[in-house]
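Biologist: Could you zoom in on one spot here, then walk me outward from there to whatever else looks worth a visit? Keep it relaxed, but show me the reasoning where there is some.

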Amino acid sequence: MLEGGDGDEEGWDSDEDVPDEIGVVDMEDVVGKWVSSRRDWEGNGDGGKGDGKKAMVTPVIRTSLEKQGYKIIGSHSGVKICRWTKSRLRGRGGCYKHSFYGIESHRCMEATPSLACANKCVFCWRHHTNPVGKSWQWKMDDPLEIVDSAIELHTKMIKQMKGVPGVTAERLSEGLTPRHCTLSLVGEPIMYPEINVLVDELHRRRISTFLVMNAQFPEKIKMLNPVTQLYASVDAATKESLKAIDRPLFGDFWERFIDSLRELKDKQQRTVYRLTLVKGWNTEDVNAYSSLFTIGQPDFVEIKGVTYCGSSATSKLTMENVLWHADVKSFSEALASKSNGEYEVACEHVHSCCVLLAKASKFKVDGQWYTWIDYEKFHNLVASGEPFASRDDMAVTLSWAVYGADEGGFDPDQSRYKKE
């Protein structure tokens with residue numbers, strides 16, 4: 001399988017001496033497919049009102065997910081410790097979000113309030129075992145209980161890192177108090193009817209939020225309260241290629257996609273297009289991608305090469321579809337050039353094969369990049385209840401994270417580790 005997430009491309013975050021209890025077999029590495037009938041996933045058809053009686057996660061699926069290291073919350077949510085969280089706890093480096101935006105990877109919680117999705121992407125690293133749907137058709141759990149349970153389960157997994165080589169008491173203590181939540185574990189978090197209450201509760205606890213969505217629910221985007229950073233997965237630049245690579249459920253998927261990008265434009269907080277490049281599928285449309293910039297006018301564009309995660313009956317992708325970092329850099333530079341100076345290449349994270357474009361007029365001041373976030377200022381702005389914009393909480397990008405730096409986006413305070 002291949003994926004567009006934060007994979008362990010070089011294998012330098014080895015889990016071979018990490019306790020089994022935290023689930024050392026990541027979903028990204030699983031070969032095969034769970035067997036379940038479609039009716040196991042279907043709700044009772046209540047028209048998306050959120051009052052269905054069917055649980056999204058059946059007992060069989062719950063057992064399978066738990067074997068892969070997922071902790072299931074209630075009937076439709078989940079949390080899982082990320083390999084980059086474990087890596088940072090061990091002093092072996094953080095994820096690209098640390099390099100691009102200054103988050104502390106060892107204090108990051110990866111979760112979702114909805115395991116369901118409206119796409120069946122060819123590069124999905126979840127092996128298409130999560131439910132699919134066009135609307136909420138399952139019973140709904142309380143958002144505050146989801147947040148409480150997510151933090152409780154996450155901290156339990158952090159505690160199990162005690163005694164693992166490289167984990168210091170200081171980092172372990174910090175990890176027990178998550179300061180960031182990435183709502184991108186699996187599925188489509190924005191589908192959850194109480195997403196605003198959940199996000200607001202995270203912010204009340206001064207936990208920042210990165211929310212990732214597949215640009216199929218424009219009405220949900222319009223209604224979404226401020227998040228720290230809002231992502232739209234832009235997996236292709238034309239209607240034909242988007243249908244081929246995302247395999248959406250909606251017949252009007254393209255119209256929903258474009259409308260979602262338009263809604264992104266109206267958001268005042270930080271917005272991101274996320275491009276996952278798959279050789280032979282979506283790397284030839286630089287001009288078409290560039291035209292999408294004018295629709296959503298995102299603050300940032302993340303460009304990442306797809307990661308190989310083994311074979312699967314649900315995908316025909318192979319290592320031939322994987323790009324080198326040099327390929328991603330070339331694509332990124334070409335895309336920046338097409339913007340006529342509006343976007344420039346700002347950062348890179350070589351060990352994730354990932355590059356960041358940023359709006360130069362907003363985030364480059366006197367030749368210095370400000371792609372990082374002042375998280376304390378963000379929380380103060382949210383708590384004030386007053387309108388604010390993406391420039392109001394920006395912070396200086398450290399030199400080692402800037403594009404072209406010798407460190408390649410690797411934090412010099414960490415120790416690089418590679419498997420033999």
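Modeller: Sure, let's start at C82, which sits in the loop that runs between β3 (77-80) and α2 (83-89). Keep in mind that this is a predicted model. C82 has a relative accessibility of 14%, so it counts as buried, the cut-off being under 20%. If you're wondering about C95, that residue comes 13 residues away from C82 in sequence, and the C-alpha to C-alpha distance between the two is 9.6 Å.

Now over to helix α1, which covers residues 59-67 and has I61, S64 and L65 as its buried residues. These span an arc of only 100 degrees around the axis, so they end up on the same side of α1. The background is simple: with 3.6 residues a turn in an α-helix, residues three or four places apart point the same way. What do the buried residues of α1 pack against? Their partner is β2 (71-73). Flip to the other side of α1 and you find P59 and K67, both exposed. After α1 comes G69, with a positive phi near 100 degrees.

Next, a helix pair. For two packed helices, the usual description is the angle between their axes plus the distance between the axes. Here α4 (residues 143-159) packs with α6 (residues 195-204) at about 45 degrees, and their axes are 8 Å apart. That angle makes α4 oblique to α6, as it falls neither under 35 degrees, where helices would count as roughly parallel, nor in the 65 to 115 range for roughly perpendicular. The handedness of the α4 and α6 crossing is right-handed. On the α4 side, P143, L144, I146 and V147 make the contact, and they meet V197, L198, E201 and L202 of α6. Sorted by type, the residues of this contact come out as 7 nonpolar, 1 charged and no polar.

Last stop is T397, in the segment after β16 (394-395). Its relative accessibility is 2%, which means that T397 counts as buried. Leaving out residues up to four places away in sequence, T397 touches the run Q368, W369, Y370, T371 and W372, along with S99, C347 and V402.

Methods: Residues numbered from 1 in each chain as written. Predicted model: local features only at pLDDT ≥ 70, side-chain atom pairs only at ≥ 80, totals over all residues. Heavy atoms only, no water. Buried < 20%, exposed > 50% of the residue type's maximum accessible area, 1.4 Å probe, protein only. Helix = DSSP H or I, 4+ residues; strand = E, 2+ residues; numbered from the N terminus. Arc of directions from axis to C-beta. Contact = heavy atoms within 4.5 Å. Axes fitted to C-alpha atoms, helices over the stretch in contact; angles between N-to-C directions. Parallel < 35°, antiparallel > 145°, perpendicular 65-115°, else oblique. Left-handed = near helix turned anticlockwise from the far one by under 90°. Nonpolar A, V, L, I, M, F, W, Y, C, P; charged D, E, K, R; others polar.
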